[in-house]
Amino acid sequence: MEKISKREFVRRTAFCTAGLLCPAMVSAFANSSQPGKFSREAYFYTTTPRGVRCGVCPNECTLKPGEESICHNRVNYNNKLYSIAYGNPCAVHVDPVEKKPLFHFLPQSRTFSIATAGCNFACLNCQNWEISQASPNDTQNTALMPEAVVQNCITNTCESISYTYSEPISFYEYMYDTARIAHEKSIRNILVSNGYMNPEPLKKLIPFLDAANIDLKAFDSQLHLKLTGGTLQPVLDTLLTLKGSPVWLEITNLVVPSWTDSPDMIRKMCKWLVNNGFSEIPLHFSRFYPRHKLTQLPATPLNTLLKAKEIASEEGCKYVYIGNIPGKGFEDTHCPQCGKLVIERQGFTILTNNLAEGKCKFCQAKIKGVWQ
Amino acid sequence: MKQSPYLIFPIIIFLITAYLIGILLVKTGILSKVTHRKIWNSVLLITFLVSGILGLLIAIQINYKLEWPIVKKLLTWHVDFGIAMCIVSIFHLIWHLDYYVKLFQKNQPTTGPSTKTPKDVNSGRLINLLIVVLGFFTTTVQVLLIREITTVFQGNELMMAWTIGIWMFLTGSGTWLGRSFYNTNLPQIVRRIFTLLSYLPIGTIILINLCKHLFFLPGELVNPFGFLVIMIILLAPLCLLAGFAYSLLIHVQKNNKDKIINVYSFESAGSLIGGIVASFLLIRWVSISQAMLLVAIVIHLVLLFEKTTLRLIFSVSILMSGLILFFVLPVDRTIKSVLFQNQKVLKSQETFFGNLTITENAGEYSFFENGSLLFATGDIIQTEEYVHYAMLQHPAPENILLISGGISGMLDETLKYPTVKNVSYVELNSQIIKLGRLFKPLPNDNRLHVIYDDGRRFIQQSNHRFDVIILAVPDPSSLHINRFYTTEFFKILKQKITKNGVVLCAVSSSGNYLGPEKKQQEASIYNSIKGHFKYFVIIPGEKDYFIGSDSPLSANIAELSDQRNITASYVNSDYMDDRSIVNRGTQIQEQLNKLSILNTDNQPIPVFYESLHYLSQFVGRKFYWLLIPFILLLSPVLFLKPVSSAMYITGFTAASVEILLIFWFQIVLGYIYAAIGLIFAIFMGGLALGSYWGSKTAITRNHFLAGQGLLALYPLILALLWDIGKISVTGSFIWMIFIPVLLILATLTGFQYASTTFIYLPDLKKSAAIIYSADLWGSALGAILLTFFMAPLLGFKSTCLLIAGLNLIAILLNLRKQNT
Ligand code: SF4
Ligand SMILES: [Zn+2]
């Protein structure tokens, strides 16, 4: 190497340090987020010698002052845990309730859907990664306090409010307060979630919930962990708790090719569901589309989904649906007793309705659900 | 391989083996050298005569339209003998290479003493040959290996650019490491390094496939930072060694300024050959692993030519058996099957535009181009959305133009409209249809016309008018694809549609939330379309669809489809919830209205946001992480002196301007595969020419400064050139401008290599090595910066100004040094 002068040496060192310092400084500023207008002290947390520990979900984040949670929307500020997603949703839409999907709950009604940034999972195939993997500080939000949500729901003639898209568990405080006010105004509440929640907050929420759709993402703990970042057991516990409550429950299973499409695993899942009394809970097998970090897998083939449906029926699941495959009659409800077509669906439309007061018109068997 | 009528590889392998056996016999003394050559000369004559006479017969038959039934057979023999003749004549050429080298230098007075010892001649000739081979080898391997990497890691444009960058950076570093190399037994070192080098590509391929399999989950998008690290580690042995070999060959040369610059010229010439062989021959006929083995065998043959050792013979037979193994067994498909777990790989083939793999899973087919999922059959929703969202807007569509996507089932959808008279379907990569047809046949309908061409080029040259134009091209993630989303392009489309004509394009869905990068990307496209049409609408679905027309449009798809009698399984009033579609569409539109950025040919801004969007999946908004790889690329500047910094800037200029020129060419004339090969050849030829010219000039500092000055002036002239493409001109006129412009750039770069080397250090060999490293380091930075920052963010013209400025800085740095 050539010899370098002293001045040259100083110049080079300065250049290097500047290069290294820049990122460090930027990150120092980025971390100084403070709970501002849209923050509420969290409902479930414990102060421990290691920092504050959140009790909402099994991740049980322990945060030191200034730290941000795994779900990106909780912070330790002055040794108190705050949710920073209170009243600032980043997605607000009106959807048909069938889109959640809920097929046995107020069919053909509209639901006012809200989501804030943040999620306690990090699924490789997330459809909403731009909001689920971000903090409310980084998204463009709309100020919408709980009262305003309910008001908006009424003006949009929606019968329910859905907490959906990202993960409502992580905006628990906002959801809880909104759900309470909604019930006062006879608006129903729908939880669309991954079910990764601790029992205590769930029990507190249940009185204000009317329906839930829980994603059962994979029936294998290791695979579940690899795909989502969370374990399976808490999700199963949530399912059991919800089933034992008055909340109307439906389950979604996304069939991801090469990941969760093994017939054995699907059979194991259906067995568990039936043995634990979920046979009358609608089960939606849904078609995977290449999204987020799983963009290099093709969509789930129809035959795979048909196979899954067949397995579920064999094991004794009474209401099995296939989502995202239009026009093939996979969204129809058949009477589990006489086998006749009770509800013929096409997307968000009911073409034929052979249901009277929650019963099959042909054989009077009760079709479980919340029909009005 | 099965349908191929000609025995290319059996003949090549047979002849090479025979030749090797011959050499072995000569070396062991069983056969005399003269007899050996006599035999081969006879073979040459026979092949020449047979091929020639048969050719003549065929010519007569064709000219006079004679009905000779055996003519098919004749043709096969004609070609097969032609192949053999070609191979034998290559052996012949190698014997007499020095004759041709002398021919090339004819007008030069010979520098050394005219009476050379035979040994000198031999070694000089061999070194030149080795240099050419090195250029050939590195380029072939680079072209093919980067393809393989892209396929295996499902690389996008960003990753591809970084791979090229890392490649050049490491090669430059290898040369740098060898700058002062000295060893008494150079020939033996050369032999060892080249043998080692020849094994590395195939080894690298195996490791690449293994790494992907071990470190990444199935179907998972590869983390760009993990990818960078793996690439640096995997490419380091190959690139560093190849770079080192360059230094080595400089040191083997006699200490003579011509000879030292010759290394650069010959290497460029080798690259020229390598580029053409790789992109036109190898890609067509063999798989990448087979090509890597073939290239290794070429290196061995050259080494054998210099000295036949048993070890080399052994080594070459291993390679040969490897090659035969790859031909006989479906090794390549097995390797690919590992990558596509749970999917059955039906076909994996190299095409001009990338690797094409077709897989099957439970009765549905997926098409992967360069490892990235292009489309899958059975995706009813997207297929229907693309077609019906556009077609339903027109009261009676007759002439339809579909750019790409037809094989996924969109053609069937368009043909559902009874008014349709003609559907033109344009696809760039003909193999997609030819291979795809085997698994998913196109509708058999005489209203359908398939055209293999660049979509933009087709539209520019077409004098038809269409009622509906559907652009089913991928997201604008590269300069090449972005051409389908610019305001200039929509202006052309506007001229090619009828009065009520409808134009539809789509980008991947913003889902429930329009993120900042996505917003910029969509806004630039939105503004570019909106400006040309009276009516505009966004329909959110599986993708975000942008539709423009001069007749009123509607997003109430349910309503529209009810009015028509088209049966679609998804796009119908049962599935379409008009209220939420309209709401979401207006929400998006309101947000896009706030931005006024435009996507132009001159400034392809979506490319930048597309890469940020991709990266944000891994780093969130913490884009400062990107500084780390850039600091790495910039780090050599710290060690460079003003003169070598100037070469860094020259390399930067050459790489970035070359890409800029290709980009310009694609906008004006369209994407033509053969043209890219030609452009590469012209560039390499120019480098060889320029450096040769430099080596013959008595260089002073003023030459160097003048060269740099011309490089500063050049981009300024280029900026003026930009608008020539806007005036409608003929293809030949564009070529007439383009070739000299490209040649000037390459010649200047080659000349600067020579001039910089001469004035840099008194130790010419060390100087040549360092300057070469600087050239490559600069090129690495230039290639990456241009594609993802300079062109999209600054635009063509400002980029030209910036490059001119950099060259001025190079001049000033060196002037200042002279003064002090
Ligand atoms: S809700 Fe969020 S902060 Fe609480 S434990 Fe779960 S991930 Fe951590
Ligand atoms: Zn019944």
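# Zinc site and selected residues in a predicted two-chain model

With angles of 104 to 113° among its four donor atoms, the zinc ion (ligand 2) occupies a tetrahedral site. The angles may be set against a general reference: ideal angles at a metal are 109.5 degrees for four tetrahedral donors. The structure described here is a predicted model, with scores of ipTM 0.83 and pTM 0.83.

**The zinc site in chain A**

The protein supplies the donors through the SG atoms of C335(A), C338(A), C360(A) and C363(A), which lie 2.3 to 2.4 Å from the zinc ion (ligand 2). Along the chain, these donors follow the spacing C-x2-C-x21-C-x2-C. Distant parts of the chain are linked by the pair C338(A) and C360(A), 22 residues apart. C338(A) is in the loop between β15 (333–334) and β16 (341–346) of chain A, whereas C360(A) belongs to strand β19 (residues 359–360) of chain A. The two cysteines also have their own accessibility values: C338(A) is partly exposed, with a relative accessible area of 33%, while C360(A) is buried, at 0%.

**Chain A and ligand 1**

Chain A contains nine helices and 19 strands. Its C-alpha trace spans about 95 × 50 × 35 Å along the principal axes. Of the 372 residues of chain A, 57% count as buried. Among contacts in chain A between residues at least 6 apart in sequence, 66% join residues at least 24 apart.

Ligand 1 is surrounded by residues of chain A, among them C54(A), C57(A), C61(A) and C71(A). The surrounding residues also include V56(A), N59(A), E60(A), S69(A), R74(A) and N120(A). By class, the shell around ligand 1 divides into five nonpolar, three polar and two charged residues.

**Confidence in chain B**

Chain B has a mean pLDDT of 86, and 95% of its residues reach 70 or more. Among the elements of chain B, the lowest mean pLDDT (67) belongs to helix α4 (residues 97–104) of chain B and the highest (97) to strand β8 (residues 466–471) of chain B. Over residues 108–122 of chain B, pLDDT stays under 50, and for these residues the model has six contacts beyond four places in sequence.

**Three buried residues of chain B**

The table lists the relative accessible area of each selected residue.

| Residue | Relative accessible area |
|---|---|
| S51(B) | 5% |
| S366(B) | 3% |
| V133(B) | 7% |

S51(B) is located in helix α2 (residues 33–63) of chain B. S51(B) counts as buried because its relative accessibility of 5% falls under 20%. Beyond its neighbours within four places in sequence, S51(B) is in contact with H78(B), F81(B) and G82(B).

S366(B) is part of strand β3 (residues 364–369) of chain B and is buried. Not counting residues up to four places away in sequence, S366(B) touches P298(A) in addition to Q343(B), T357(B), I358(B), T359(B), L373(B), F375(B) and A376(B). S366(B) and S408(B) are 42 residues apart in sequence, and their C-alpha atoms are 9.4 Å apart in space.

V133(B) lies in helix α5 (residues 118–152) of chain B and is likewise buried. Leaving aside neighbours within four places in sequence, V133(B) is in contact with I299(B) and V302(B). A separation of 56 Å lies between the C-alpha atoms of V133(B) and I588(B), which are 455 residues apart along the chain.

Terms used:
Residues are numbered from 1 along each chain as its sequence is written. Chains are lettered from A and ligands numbered from 1 in the order in which they are written. This is a predicted model: local features need pLDDT of at least 70, side-chain atom pairs count only at pLDDT 80 or more; totals for chains, interfaces and linings use all residues. Side-chain values use heavy atoms; hydrogens and water are left out. Donors are N, O and S atoms within 2.8 Å of the metal (3.2 Å for Na, K and Ca); water is not among the atoms, so sites may look incomplete. Four donors count as tetrahedral if all angles lie between 85 and 135 degrees; four count as square planar and six as octahedral if opposite donors are over 155 degrees apart and all others between 65 and 115; anything else is irregular. Helices (H or I, at least four residues) and strands (E, at least two) are DSSP runs, numbered from the N terminus. Buried means under 20% relative accessible area, exposed over 50%, partly exposed in between (1.4 Å probe, protein chains only). pLDDT is the predictor's confidence in each residue, from 0 to 100. Contact means heavy atoms within 4.5 Å. A residue is near a molecule or strand if one of its heavy atoms lies within 4 Å of it. Ala, Val, Leu, Ile, Met, Phe, Trp, Tyr, Cys and Pro count as nonpolar, Asp, Glu, Lys and Arg as charged, and the others, Gly among them, as polar.
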